[in-house]
Every structure is written in structure tokens, then in C-alpha cells.
Amino acid sequence: MVLLACAVAGFGILFLLYQSAMLAAGALIIGGVLALMFRWPEIGTLVALFAIYSNVGVLAMRSQGAIQATAGSADQNPRIAIVLAAIALLLFVPLVHQLLIRKEQFIFDRGFVLMVVFFGALLVSSLFARDGRLAGARVAGYLVEGLGPYFLLTNVVRDLSTLKRATWALLLAGSLMGGLTVYQRATHTEDRIYGGMAQMGTDVTLTASGQERSLRPSGLTERGGAEGQLRAAGPIGETNRYAQILLVLLPLAVLAFRTERSRTLRTLALVAASLILGGLLLTYSRGTLLAGLVMFGMMAYMGLLKPRQVLIAVLVMGVLVATFAPGVITRMGTLGPLKSLLFRTNFTSQVPDTSAVHRYVLDAAAWHVFLDHPIFGVGPGHFAEYYSIPYGNRIGLIEATKKLLAHNLYLGTLAETGVTGFACLLAIFFVIMQGLWKERRRWLQSRPELASLATAFFLCLCAYAMSAAFIHLSYQRYFWLLMALSSAAARIVHSTREQQAIGEPFLSEGKTS
């Protein structure tokens, strides 16, 4: 039987090698990880988290030419569903270990229950949708990228040591992404995307005649770099989303730096924070940078950072901006003319940039769609496909010609699922953040490290919630992964017993799941 299994595995690897070397390498890596998981089941959880957050599994399934051309959500690219299913297998081993070896029970927390309710809201909204196939694809995407991963992660991350190592897996992914972005800019190799891990995005601006002009690079410089104002897009290929997934990691890096006792680990946490912050700045994402400034203030107010550390962080940020991204200041300065757009005054002094106008039009269109369909919305995925152009043209500022999502998570949810889905989404946010806030207050005096843990995940959700005002819910797997770990953090901190060692370091050698 063993020889037969080895023969089948060998033929399988040869078949994959014939199809693609990357697929064969991926199969070998997954096989090796599965073998190690029989000895250390927790490895599957950590590898799955790293693979999802760094997007390496998805990139491995794409050709070099397709990396920049395809979207990164399961309903738009079937290969992503295959990758997520393969990654889910890595989570099944620790799940079986929890259920059969440790005799644990399934966990159905309040967040999961509300996600099931949200699934029901999506189904009801789909019944009234114009295109049943499109709505069904979006609902299936929610199951693959949202409900399924949330359930698996909340059931395999059950103790403090696993949660801490899971946090380090995310920081490792963020360091890899941010480090490649910084290296790419420092070496002027913007023409290389490093296997898709360091993709580049562009801006659109107006010419003197009022026509749109893409800043996509038209050629290479003498040093080999690309011309034009390029923005880092990481392994996703979308600048604002890349900025968002880096932003939410900063509180976790600060947590590691604050609570680790080992000087080596504190240094690693500081390096991780610097790389993540460097990558974030190179995205030139104005909304995310604004959310980051507010988040730094919240970290100081809530005690996760001391005032002296905030000052040091600001100085480091200034050095990074001056060294790698001096255009950040200029780009942030473009926010000034937005007041004339928001208050609909004349544009005689300064004209808002095209990107801001497009976003304003899309968000206003989403709001009007909601007003016309307030209860159940127009159906999952329908705003961009059927309503963004006609409703956008009603605004009258520009002529909408492309089918685009609303650049606001909340307005997009209102437009597509109405108050029903919107209430479910807010409820998920509320119950998880409330749990973290209660645990923070509970342990603030007696167990400050547990309070810091709850505070860090609370701030992660705050950062996502703030940045979501400037971006839609594509690549939703990142959102639900963060929700799952935050819910697990609230539950683990709540169940931590007093007899556990006070002052346990952030990366402990405690019992693994």
C-alpha cells in the first residue's frame, strides 16, 4: 500500500510538472507540510495564514503575463477558489486534531452566527436581483472566502500560543511584501514584479485639455526603472487594497515590539513594522495614510504606544518618506481641493484630481441606488455591472463609461444588500469589537499584556473600518481572516485563566493545539 501510494504520488507530481513547474513545486510543498502536520498540527494553521495573506498560492496558479491582468477574488477567478480549497486542507488537519485528539467541540461564536445571517441576507437580496447567475457567483465567493475560512480559523486558533504564532505568521507575510516593495524602489527595479509579489499600479490624471491621461509607464529609464508616477501594488495588484492589508498589521507589529521580552524578537518586530510601513508609504494611498495617522493617535491614546515611541515612529516615517517616497507629501496635498467637490462649490482655484472625482461619483451613485432599493438592495455584485454607469451619469460631474465598484464598503453594501445586509455587516463589526473592548477593560490593570493583545486586534479592526470608507469589499478573504483572528483573540483572552503565568512573553513556548 505504501509503495502504491508513493507511485501514485510520483505520477501525480510528474503530471503536474508537465503542466507547470510551479504547480509541481506547490504540490511538493503542500505534501511536505502535510507530512510535518502529523507531528505538529499547528504548522498547517500558520502556513495557511501566511499563504492567504501573502497571496503566494494565488500567484503560483497564474502565468507571468496573467499576474497583472486577473482579479483576486474567487467569484472572478476560479483558480483562486482552487487555491483556497487547497489551503483549507491545511486547516483540516489541526481541526481534526482538536476534535478527535483533544476532544474539543465545534465553536460557533456570535460572529459566525451573524455571518450566517449575513449569508441569508445575501440570498434574499439575490432573489430580487436582475442576474441570478452573477448574484450566485458573489454568494459563492462569500462562502469560499468568508464563511468557510472564518469557521475553520476560529476552530483551529483556540489558545494563546497558537494566536501569538498566527500573529507572527501575518507579520512575516507583511514583512515579505513590504520588504520586496522597499527593495524594488531602492534598487529602481520597478520593471520587475518579482514573481508577482511586487506589482505596480498607476494613477490617472487630467491633461490641460481636460482629457484623462494614464500614468502607466511608457518605457524604461536608463537605469532600468519604469517611467511615470508608479504606486506599489504588492502581490494583489491593487494599490489601495495592498495599503489596507499592510495598515492593519501595524498594531500587531507594535504589540510584538511592546510585549516581547527577547531582544531578538523585539528587533524583529521593529524590522517588520519598518518594512510594513515602508511598503504602505509607497502605495501613495491617501485614504489609507489618513487612516494610519488616526490609528497612530489611537495607539498612543489607548497606551499601546508611548508618546516617545510615537515621536520616534513619526521620525522614522519622515525618513522613509524623504528617502523612498517624497511624492507622498505632494499626493497628500491633493486632498485640499476635495472640499470644493464635497460641498459642490466652484472649481476655479484648484480642480480635484480625476481619481477623487471618480470615487465621489461612484459613492454618490451607490447612495442613490440604495435610496431606490432600500430594503434588500439590487443584489450582490450588481452595482458595478448594471447601475454604476447610469446612476453615475446622473451625478453630472463626469461621463461614466466603466463598470466600477463603489469606493466605499458601507455604501457598496447598502446599494447591493440594502439595510438588511448592511445591518448584518455592522453587527459583525460590533460584536467582535465589543468583545475585544470588554477584555481590554477587564485585564487593563491585572494583566496588561492580555489587555494589549485585545487592544491591538481592536485597533486592527478600527484601521480596517476607517480605510473601508475609501475602498470596496473586493479581496474579501483578508477582511474575514482578520475578523476570524480578532474573534478568536477576544474568546481566548476571555477564557485565559488566572493561574497562567503573568507576564508571558508574546511568542511563548506554550502548549500548541
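The exercises below, each with a worked solution, concern a predicted model.

**Exercise 1. The salt bridges between two loops**

Find which acidic residues are paired with Arg-102 and Arg-158, and state where in the chain the partners of each pair lie.

Solution. Begin with Arg-102, whose side chain meets that of Asp-159 in a salt bridge with an N to O distance of 3.7 Å. Arg-102 belongs to the loop between α5 (78-101) and α6 (110-127), while Asp-159 belongs to the loop between α7 (132-156) and α8 (160-186), so the pair ties together parts of the chain that are 57 residues apart in sequence.

Next take Arg-158, whose side chain forms a salt bridge with that of Glu-104 at 3.8 Å, N to O. This pair also links distant parts of the chain, with Arg-158 in the loop between α7 and α8 and Glu-104 in the loop between α5 and α6, 54 residues apart.

Then consider the accessibility of the four partners. Arg-102 has a relative accessible area of 26% and is therefore partly exposed, and Glu-104, at 29%, is likewise partly exposed. Asp-159 is buried, with a relative accessible area of 15%, and Arg-158 is buried with a value of 15%.

Finally, place Lys-103, which is found in the loop between α5 and α6. At 63% relative accessibility Lys-103 counts as exposed, because the cut-off for that class is over 50%. Its backbone has a positive phi of about 60 degrees, although Lys-103 is not a glycine.

**Exercise 2. A further salt bridge**

State how many salt bridges are counted in the model, and decide whether the partners Arg-185 and Glu-190 are buried or exposed.

Solution. The count comes to seven salt bridges. One of the pairs is formed by the side chains of Arg-185 and Glu-190, with an N to O distance of 3.2 Å. Arg-185 is buried, and Glu-190 is buried as well.

**Exercise 3. The nonpolar core**

Identify the residues with the most contacts inside the largest nonpolar core, and the helix that supplies its largest share.

Solution. The largest nonpolar core comprises 132 residues, and those with the most contacts inside it are Tyr-53, Phe-383, Leu-436, Trp-480 and Met-483. Its largest share, 15 residues, comes from helix α18, which spans residues 409-443.

Now follow Leu-436 outward. When neighbours within four places in sequence are set aside, Leu-436 is in contact with Ala-454, Phe-457, Phe-458, Leu-461, Ser-486, Ala-489 and Ala-490. Apart from the largest core lies another one, of five residues, including Val-357, Tyr-360, Ala-364 and Ile-395.

**Exercise 4. The largest cavity**

Describe the lining of the largest cavity by residue and by class, and name the element that gives the most to it.

Solution. The model holds four cavities of 30 Å³ or more, and the largest of them contains about 50 Å³ of space. Its lining consists of Asn-240, Gln-244, Ser-285, Arg-286, Gly-287, Thr-288, Arg-359, Ser-467, Phe-470 and Ile-471. The elements that give two or more residues to this lining are α9 (239-247) and α12 (286-301), and α12 gives the most, with three residues. By class, the lining residues divide into two nonpolar, six polar and two charged.

**Exercise 5. Two alanines and a tyrosine**

Determine for Ala-273, Ala-300 and Tyr-475 which accessibility class applies.

Solution. Ala-273 lies in helix α11, residues 263-281, and at 17% relative accessibility it counts as buried, because this value falls under the 20% cut-off. Not counting residues up to four places away in sequence, Ala-273 touches Leu-250 and Ala-253. Its C-alpha atom is separated by 9.3 Å from that of Gly-178, although the two residues are 95 apart along the chain.

Ala-300 has its place in helix α12 and is partly exposed, with a relative accessible area of 31%. With neighbours within four places in sequence left aside, Ala-300 is in contact with Leu-305 and Val-310; the C-alpha atoms of Ala-300 and Val-310 are 6.9 Å apart, with these positions ten residues apart in sequence numbering.

Tyr-475 is found in the loop between α19 (448-467) and α20 (476-495), where at 9% relative accessibility it counts as buried. The phi of Tyr-475 is near 50 degrees, a positive value in a residue other than glycine.

Terms used. Residues are numbered from 1 along each chain as its sequence is written. This is a predicted model: local features need pLDDT of at least 70, side-chain atom pairs count only at pLDDT 80 or more; totals for chains, interfaces and linings use all residues. Side-chain values use heavy atoms; hydrogens and water are left out. On a 1 Å grid over the protein atoms alone, a cavity is a set of points where a 1.4 Å probe fits but cannot get out, and a pocket is an open set with protein on both sides within 12 Å along at least five of seven lines; lining residues have an atom within 4 Å of a point. Grid points are joined across faces, edges and corners, and a volume is the space filled by probe spheres set on the points. Helices (H or I, at least four residues) and strands (E, at least two) are DSSP runs, numbered from the N terminus. Ala, Val, Leu, Ile, Met, Phe, Trp, Tyr, Cys and Pro count as nonpolar, Asp, Glu, Lys and Arg as charged, and the others, Gly among them, as polar. A nonpolar core is a set of buried Ala, Val, Leu, Ile, Met, Phe, Trp, Tyr and Cys residues joined through side-chain atoms within 4.5 Å. Buried means under 20% relative accessible area, exposed over 50%, partly exposed in between (1.4 Å probe, protein chains only). Contact means heavy atoms within 4.5 Å. A salt bridge is a side-chain nitrogen of Lys or Arg within 4 Å of a carboxyl oxygen of Asp or Glu.
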